[in-house]
Amino acid sequence: MTGSYRAYVPQRRIFLTATAALAPLLAVPAVAAPSPRPRSAHEALSTLLDGNLRYAQGRSRHPHQGRDVRQVLAAAQRPFAVVVGCVDSRVPPEIVFDQGLGDLLCIRTAGEVLDDAVLGSVQYGVGELGAPLVLVLGHERCGAVAAALAHVAVGAPAPGHLGRLVDSIAPAARACRGLPGDWADHTVRRHARSVRDTLRADPAIGGGGTVVAAARFDLDSGVVALLS
């Protein structure tokens, strides 16, 4: 009995020592909540523009992208803004605004063209998720805008489903034709404002205190500028 006990004690000590050494590795980290959500459209817009400034200056923080945030968001989401942007691979809103998981509800179509699915998605972000801000984000050198300009210039129909995009952007292109300066960039700005105004006028989206704004992203500088 004594011999067995003496053999047991060293083994037990080894086990306890090993367990203590592994404890930091086996411990489940505390789940930290994301930083406070902007409470108003003004705060939401300031957060977006601050994040864009970091991005443009090469100081992105890449917030809210860790495992702890993912665990919190697994239960529910509360994005603080809806971004209606273009599918262009150079303009991903989460990167352009230096935001992370759960921050933005992004809806992207070529040229920010609206349809029922987009409108329903925006309404969901505003009405069900409580986002106080909707931002329409156009950008320079937009391919969908270029296609619309070509259509307006020569009158040739766009092939297949591209016709829907061209038809939606063509009114802005026609309105800007003949203006001094860059026809394409004038069209980008006017079309973004038109989409903004359409969303503002929709009672399911623009009502109830929701702020709808428009902006233009500069591919060269990385800066987002609000459109009046």
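In the predicted model, the side chain of Arg-216 forms a polar contact of 3.4 Å with the side chain of Asp-218. The side chain of Arg-216 is also joined to that of Glu-140 by a polar contact, here with a distance of 3.5 Å. Arg-216 itself is placed in strand E4, an element that covers residues 211-217.

With regard to solvent, Arg-216 has a relative accessibility of 10%, and it is therefore counted as buried, since this class takes in residues under 20%. When neighbours within four places in sequence are set aside, the residues in contact with Arg-216 are Leu-137, Gly-138, Glu-140, Asp-185, Arg-189, Val-223, Val-224, Ala-225 and Leu-227. Glu-140 thus appears in this list of contacts and is likewise a polar partner of the Arg-216 side chain.

Turning to the chain as a whole, the secondary structure consists of eight helices and five strands, which follow one another along the sequence in the pattern α-α-α-β-α-β-α-β-α-α-α-β-β. The chain has 228 residues, of which 39% are classed as buried, and Arg-216 is one of the residues that count as buried. Among the contacts in the chain with a separation of 6 or more, 71% are made by residues that lie 24 or more positions apart. The accessible surface of the chain amounts to about 12600 Å², and carbon and sulfur atoms contribute 58% of this area.

Terms used:
Residues are numbered from 1 along each chain as its sequence is written. This is a predicted model: local features need pLDDT of at least 70, side-chain atom pairs count only at pLDDT 80 or more; totals for chains, interfaces and linings use all residues. Side-chain values use heavy atoms; hydrogens and water are left out. Helices (H or I, at least four residues) and strands (E, at least two) are DSSP runs, numbered from the N terminus. Buried means under 20% relative accessible area, exposed over 50%, partly exposed in between (1.4 Å probe, protein chains only). A polar contact is a pair of N or O atoms within 3.5 Å; within protein, one must be able to donate a hydrogen and the other to accept it, and residues adjacent in sequence count only if both atoms are side-chain atoms. Contact means heavy atoms within 4.5 Å. Accessible areas come from the Shrake-Rupley method with a 1.4 Å probe; for residues, only the protein chains shown count as cover.
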